[in-house]
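Subject: Structure for your files

Hello,

Here is the structure I said I would send. My notes on what turned up in it follow below the entry.

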Amino acid sequence: MNREQQTSEQRWSAGRIADILLDAEGTTTSRTSLSAEWSGLTLPVAYEAQDIALATRKARGEVVTGIKLGLTSRAKQRQMGVDAPSVAWLTDVMALPAGDPVPRNRLIHPRAEPEIAFVMSRRLAGPGVTAAQALAAVDHVFGAVEIIDSRYAGFKFTLEDAVADNNSSGVYVTGPVLRRPEDLDLALEACLLEIDGQIVDTATGAAVQGHPAEALAFAANTLAERGHAIEAGWVVLTGGMTDAVAVESGARVAAHFTSLGSITISGG
Ligand code: OOG
Ligand code: MG
């Protein structure tokens, strides 16, 4: 490494990554991949940046309400060119009330994806959590639509970039039907995703790691490596079941689930 490279490597830190991405979010400005600029952006450093950004969010008054999994389905992994799932934070400002339009003023290039969401009845802490144990800690299940928004131009990123960017967090809407997990076969729970009345994609819960409870167990085990647990009352978005679709201004997005009802969102 020559001196110039050394100096530019030294300018980087997890804290700086967190600041850059929060600033891009606050000013709705996209940027290019950070891992392309800094080879030191490894997965542990990306998670550190995610946690530093969470501390900043909390310091400005946001409250942690749960977690969101990223890239848990093959559809999403193929779309984004990333082959591993990851976990990120949800705060209160990310919950969009049902009926509200997509808040385009807060987002750069929103995309919608249907998800199966859990609300926890008790704390779930890894390591070694199985899908059955994870499901036993769930109070109820909802359908959800997440509106993701990457801070990277064209959603072009590596796993490390996406983790540092809180897994492209934007906002999410939960559906009208609340069910106990034991009353449903979540692997077979299907969803139709529509844009302006046209079906653009379909999937079942099995798309998410074979069963959404597998994603929940993965989240508990991954968080345990950083000393975190999934707390009682938290919401868990288990990850997009289908490809995410761009939400244009004026569009109408709808997700219809077999047992978990329908969610309709105006593109704003
Ligand atoms: C990153 C992960 C997004 C999911 O459900 O896979 C995510 C991305 O695709 O931008 O929330
Ligand atoms: Mg998602």
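Which polar backbone atom is 2.7 Å from an oxygen atom of ligand 1? That backbone atom belongs to leucine 71. Please keep in mind that this is a predicted model.

Ligand 1

Two side chains also make polar contacts with ligand 1. Glutamate 113 places a polar side-chain atom 2.7 Å from an oxygen atom of the ligand, and for serine 168 the corresponding distance, again from a polar side-chain atom to a ligand oxygen, is 2.6 Å. On its own, ligand 1 would expose 310 Å², and the protein buries 100% of that area. The space that ligand 1 takes up is the largest cavity.

The shell around ligand 1 consists of 16 residues, with Leu71, Lys76, Glu113, Ser168 and Gly240 as the closest. Sorted by class, six of the shell residues are nonpolar, five are polar and five are charged. Four elements each give two or more residues to this shell: strand 1 (64–70), helix 4 (74–80), strand 3 (111–120) and strand 4 (138–148). Strand 1 provides the largest share, three residues.

Magnesium ion

Ligand 2 is a magnesium ion, coordinated through OE atoms of Glu113, Glu115 and Glu146 at 1.9 to 2.0 Å. Along the chain these donors follow the spacing E-x1-E-x30-E. Glutamate 115 belongs to strand 3 and glutamate 146 to strand 4, so this pair ties together parts that lie 31 residues apart in sequence. Glu113 thus appears twice in these notes, as a donor to the magnesium ion and among the closest residues to ligand 1.

Backbone

Two places in the backbone should be checked against the general pattern: most residues other than glycine have a negative phi, and most peptide bonds are trans. The peptide bond from glycine 126 to proline 127 is cis, with omega near 5°. Proline 127 sits in the loop between strand 3 and helix 5 (131–136). Threonine 28, although not a glycine, has a positive phi of about 45°. Threonine 28 is in the loop that runs between helix 2 (14–26) and helix 3 (43–59).

Regards

Notes:
Residues are numbered from 1 along each chain as its sequence is written. Chains are lettered from A and ligands numbered from 1 in the order in which they are written. This is a predicted model: local features need pLDDT of at least 70, side-chain atom pairs count only at pLDDT 80 or more; totals for chains, interfaces and linings use all residues. Side-chain values use heavy atoms; hydrogens and water are left out. A residue is near a molecule or strand if one of its heavy atoms lies within 4 Å of it. A polar contact is a pair of N or O atoms within 3.5 Å; within protein, one must be able to donate a hydrogen and the other to accept it, and residues adjacent in sequence count only if both atoms are side-chain atoms. Accessible areas come from the Shrake-Rupley method with a 1.4 Å probe; for residues, only the protein chains shown count as cover. On a 1 Å grid over the protein atoms alone, a cavity is a set of points where a 1.4 Å probe fits but cannot get out, and a pocket is an open set with protein on both sides within 12 Å along at least five of seven lines; lining residues have an atom within 4 Å of a point. A molecule sits in a cavity or pocket if more than half of its atoms lie within 2 Å of its grid points. Ala, Val, Leu, Ile, Met, Phe, Trp, Tyr, Cys and Pro count as nonpolar, Asp, Glu, Lys and Arg as charged, and the others, Gly among them, as polar. Donors are N, O and S atoms within 2.8 Å of the metal (3.2 Å for Na, K and Ca); water is not among the atoms, so sites may look incomplete.
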